[in-house]
Amino acid sequence: MTRYALRVAALAAALGLWQLLTSLDVDLWLRFSQFPTVTDVAHAFADRLAGPDYWTDLTDSLTRIVTGFVLAAVLGVAVGVLVARSPLAEDLLGPLLEVVRPIPAIALVPVAILLFPSNEQGIVFITFTAAFFPVLVSTRHAVRALTPVWEEAVLTMGGGRWRVLGSVVLPGALPGIFGGLSVGIGVSWICVISAEMISGQYGVGYRTWQDYTVVDYPGVFVGMVTIGVLGWLTSTAVELLGRRLTRWLPRTSHVAAARSTPSRPPAGPSSRQLPSDAKEARDEHLV
């Protein structure tokens with residue numbers, strides 16, 4: 001409870017500083033006089049929540065991000081495992097993937113406009129591309145980092161290739177896979193909002209850009225807050241799913257080692273006072 005209270009206090013302090021700087025029109029290199037106050041943004045947020053357009057934009061953006069991200073997760077894991085396990089697949093797909101990977105997903109907007117018949121499909125394609133490569137790279141490295149002893153043990157006990165994949169490769173690579181998924185969902189939000197600003201007709205990004213063009217700065221901040229909250233919720237959902245699927249992993253403790261109270265040694269004779277037979281029995285038990 002103390003940690004949650006500290007987080008709430010930090011957020012409240014940031015909002016209070018924002019309200020103070022904007023209400024006093026402070027201009028010390030940074031022009032806070034151009035910013036809307038927290039109260040202005042709160043009033044605009046309340047007005048948006050009361051209208052239907054906000055919820056329509058929210059639904060459209062979530063549909064695009066979920067569709068593109070799920071496709072990227074499935075194909076990214078599949079291609080990552082294939083490239084990591086098959087030298088032939090690495091030779092065929094590796095050069096193409098490495099050439100396309102450095103290209104920012106948002107730079108593919110003209111390609112999406114030319115390639116797909118509708119803007120909706122193009123935005124989903126941009127979202128898919130943004131999440132695909134982080135998932136692919138994380139999966140590939142996680143699979144290659146697995147110790148070969150596990151696979152050899154399954155093969156020794158009569159397991160086949162699919163048994164190795166289901167019992168060793170995928171479970172062992174899960175931490176790395178979910179690391180890539182966490183990165184991919186954040187990059188997906190960046191790219192889907194940018195794509196909506198460029199070629200979208202609905203969505204949070206499109207509405208935020210429209211507010212900027214009509215100089216509705218409180219509305220712009222409403223869009224920014226909405227994007228931040230949606231990104232945080234989806235990233236948290238991915239993290240919680242990853243923790244649930246990797247419950248067998250050891251978790252690090254947040255409690256400092258200095259705070260741990262050392263346990264007292266059990267009462268009784270010390271090792272020096274034990275007879276030689278008792279010492280040998282104890283050592284044999286430890287072995």
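**Exercise 1. The enclosed space**

Task: In this predicted model, state how many cavities of 30 Å³ or more the structure holds, and describe what lines the largest cavity.

Solution: Begin with the count, which is 1 cavity of 30 Å³ or more, and then take the volume of the largest cavity, which is about 60 Å³. Next, go through the residues around the largest cavity, which are V109, A112, I113, S118, N119, G122, I123, I126, A195 and S199. Turning to the helices, α5 (109-115), α6 (119-144) and α8 each give at least two residues to this lining, and the largest share, 4 residues, belongs to α6. Finally, sort the lining of the largest cavity by class, which gives 6 nonpolar and 4 polar residues, with no charged residues.

**Exercise 2. The largest pocket**

Task: Find the volume of the largest pocket, and work out which helix supplies the largest share of its lining.

Solution: The largest pocket contains about 470 Å³ of space. Its lining is made of 11 residues, and those closest to the centre of the pocket are R3, Y4, R7, W232 and T236. At the level of helices, α1 (2-23) and α10 (217-245) each contribute at least two lining residues, while the largest share, 5 residues, is that of α10. Sorted by class, the lining of the largest pocket has 5 nonpolar, 2 polar and 4 charged residues.

**Exercise 3. The second largest pocket**

Task: List the residues that line the second largest pocket, and say which elements give two or more of them.

Solution: The residues to look for are A78, V81, L82, R85, S86, R161, W162, L165 and L170. The elements that give two or more residues to this lining are α3 (52-85) and α8 (161-199). As for its volume, the second largest pocket has about 270 Å³, and its lining divides into 6 nonpolar residues, 1 polar residue and 2 charged residues.

**Exercise 4. A patch on the surface**

Task: Identify the residues of the nonpolar patch on the surface, and explain why M197 counts as partly exposed.

Solution: The nonpolar patch is formed by M197, I198, W209, Y212, V215 and Y217, which together have about 580 Å² of accessible area. Two or more of these patch residues come from each of α8 and α9 (204-213), and M197 itself is placed in helix α8. For the last step, take the relative accessible area of M197, which is 31%; because buried means under 20% and exposed means over 50%, with partly exposed in between, M197 is partly exposed.

Note on methods
Residues numbered from 1 in each chain as written. Predicted model: local features only at pLDDT ≥ 70, side-chain atom pairs only at ≥ 80, totals over all residues. Heavy atoms only, no water. 1 Å grid on protein atoms, 1.4 Å probe; cavity = no way out; pocket = protein on both sides within 12 Å on 5 of 7 lines; lining within 4 Å. Points joined across faces, edges and corners; volume = space filled by probe spheres on them. Nonpolar A, V, L, I, M, F, W, Y, C, P; charged D, E, K, R; others polar. Patch = residues over 30% accessible without salt bridge, like charges linked within 9 Å, V, L, I, M, F, W, Y side chains within 5 Å. Areas by Shrake-Rupley, 256 points an atom, 1.4 Å probe, with all protein chains shown as cover. Salt bridge = Lys/Arg side-chain N within 4 Å of Asp/Glu carboxyl O. Buried < 20%, exposed > 50% of the residue type's maximum accessible area, 1.4 Å probe, protein only.
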